There are 2 protein chains.
Amino acid sequence: MVAGSFLPHFSNPYLERLEDSAVLTIGKQKLCFTTDSYVVSPIFFPGGNIGSLAVHGTVNDLAVCGGKPLFMSTGFILEEGFPFASLETIIASMAKAAKIAGISIVTGDTKVVPRGAADGIFINTSGIGIVEYAGTLSIKSIKAGDAVILNGTIGDHGAAIIKSREIWDGSRSHFRFGASQRTNCRNLKGQPEHPLHARCDTRRAGAILAEIAKSANIQINISEQSIPVQDNVRGICEILGLDPLYLANEGKMVLFCPASDAAKVLTTMKKHKLGVNAAVIGNVAAGKQGRVVLKTSIGGERIVDLPTGELVPRIC
Amino acid sequence: MVAGSFLPHFSNPYLERLEDSAVLTIGKQKLCFTTDSYVVSPIFFPGGNIGSLAVHGTVNDLAVCGGKPLFMSTGFILEEGFPFASLETIIASMAKAAKIAGISIVTGDTKVVPRGAADGIFINTSGIGIVEYAGTLSIKSIKAGDAVILNGTIGDHGAAIIKSREIWDGSRSHFRFGASQRTNCRNLKGQPEHPLHARCDTRRAGAILAEIAKSANIQINISEQSIPVQDNVRGICEILGLDPLYLANEGKMVLFCPASDAAKVLTTMKKHKLGVNAAVIGNVAAGKQGRVVLKTSIGGERIVDLPTGELVPRIC
């Protein structure tokens, strides 16, 4: 969300959280509510497509806030002439992803625009979850000394999209990715088993950490060596001059918990198939700095800032 | 929604209602949930713009189901280079429309796609409301003998869009619309004061009546003479060969109530500024026919069917 444009107009305490989901109270029920539009290009990529991405993304935005995903809406914008067979495949992927996540697609809308007025297909998904987690998961709860934990390797989704684009352009890929190079788009539903301070969907690790640091006015120190990155993703980043911290993820989250709980949180996470590569990547420093400091592999330090543009656009 | 493609995959009792909103139960709370994407062209038109339309449309989809609109999400897809001033105007209109409707915009998302990958701006709005109306407003509740009531003149929004396109094309409008030719986009929030069987948002009167007749498997008889249409809208329809029944509306709804209550429902509606032109336009016949029969002004009869294409595309 372009916060600068929207906040002055829409200002209210729900929106001002600026987190993955709004947490709402209706009657005695605590709910979370989120929305995302998907414009990924290409729409089919190794391990997924725009449809599965749209379901997993919204499920994850609910889940990281401690919500149990319940209901989802879908809004399709189709370009005239979009192949019916592709639409069927995408819808089937959405149904499968929704079934796995235990979320029901209960309402929808489809608009068709003339050829040239959209790029094939765009999908919006909005989701409602029930907040069952007793604690308050919020970046406002992060404290100095907290451990910063990633649930797995970063950049897999971005690398898979880059690989697809190479093929999409008609030629064979110039890059020799491993056969296993696939998006990491999965659903993260599940309640925290240990007390946490915050949990955030990690679409671009560097950007989300910088946003959290600024929003919560804290300094986050991370160590390059601790950040889990697959070898083939690191390779493609080195060749193309990309930074894994800014490459896209799906199904990845960053957690903040008291340092004293970090070991047991990590042990629990590693038992889960989506947390096998989980790692403590840093900690929250004392003081109000609003920045992320990366200790590089060669011993230097640099600020990890919000990117001014998109490194690889249309990754979701 | 392209029901034929989606229903076999997403099948669940909420979606199968195929009404303006899904009615959900979370805990002890009865909620309604709806989504719509807006791709209207042009984005500014007399009386509104894509932003106010997106808020009113979703508020109305909640309201017709007996829901009190509470929370809304916004998903923006912007074409690179979309003027910032236009975005600001649209956002300000959304904030104003939301304030009038008493709904809070609590979560949002913005995607930017390269020039040529979208037509300026598309907006998705999803909304959550609390269902306070004790009865069940559903097309499944419609009974033979029910009166069919429209809350006002039809086709005003469609005519306003046609007028804007004339101007948008660079030339002066060829049509001499009255100065008052504006969209009828307004919010319809408010609970029914009399027992009703169903209430539906009436984007295209003919299409929605045909959908209801098919879905509820009833025959709806309507009389052309009873249908409220502004003189200048009727004029433009005659010149261009358009049917007001298929021209777009915003802020219009069709109600079904027992015939014995029709007079008092109409009296109540006429007291409201958005119901001044309300009229009984027909009734529900006995038997299961799944069709709408129009008695024409010259005394003939014709079937009002679902249009095979869009008469005037991109009206919302």
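Which residue of chain A comes closest to the rotation axis? In this predicted model, local features need pLDDT of at least 70, side-chain atom pairs count only at pLDDT 80 or more, and totals for chains, interfaces and linings use all residues. Residues are numbered from 1 along each chain as its sequence is written, chains are lettered from A in the order in which they are written, and side-chain values use heavy atoms, with hydrogens and water left out.

Chain A is superposed on chain B (least squares on the C-alpha atoms of residues with pLDDT of at least 70 in both) by a rotation of 180° with 0.0 Å of shift along its axis, the RMSD being 0.0 Å. That is the relation of a two-fold axis. The residue of chain A closest to this axis is Ala118(A), at 2.1 Å (C-alpha). Because 100% of the interface residues of chain A are also interface residues in chain B, the copies meet through the same surface.

Over all chains, the structure holds 18 salt bridges, each a side-chain nitrogen of Lys or Arg within 4 Å of a carboxyl oxygen of Asp or Glu. One of them pairs Lys111(A) with Asp36(B), with the closest N and O atoms 3.5 Å apart. Both residues, Lys111(A) and Asp36(B), are buried (under 20% relative accessible area, 1.4 Å probe, protein chains only).

Within chain A, Arg203(A) forms a salt bridge with Glu250(A), the closest N and O atoms being 3.2 Å apart. Arg203(A) and Glu250(A) are buried. In chain B, the side chains of Lys264(B) and Asp261(B) meet in a salt bridge (3.4 Å, N to O). Salt bridges that share partners join Asp36(A), Arg203(A), Glu250(A), Asp109(B) and Lys111(B) into one network.

Note on methods: Contact means heavy atoms within 4.5 Å. Buried means under 20% relative accessible area, exposed over 50%, partly exposed in between (1.4 Å probe, protein chains only).
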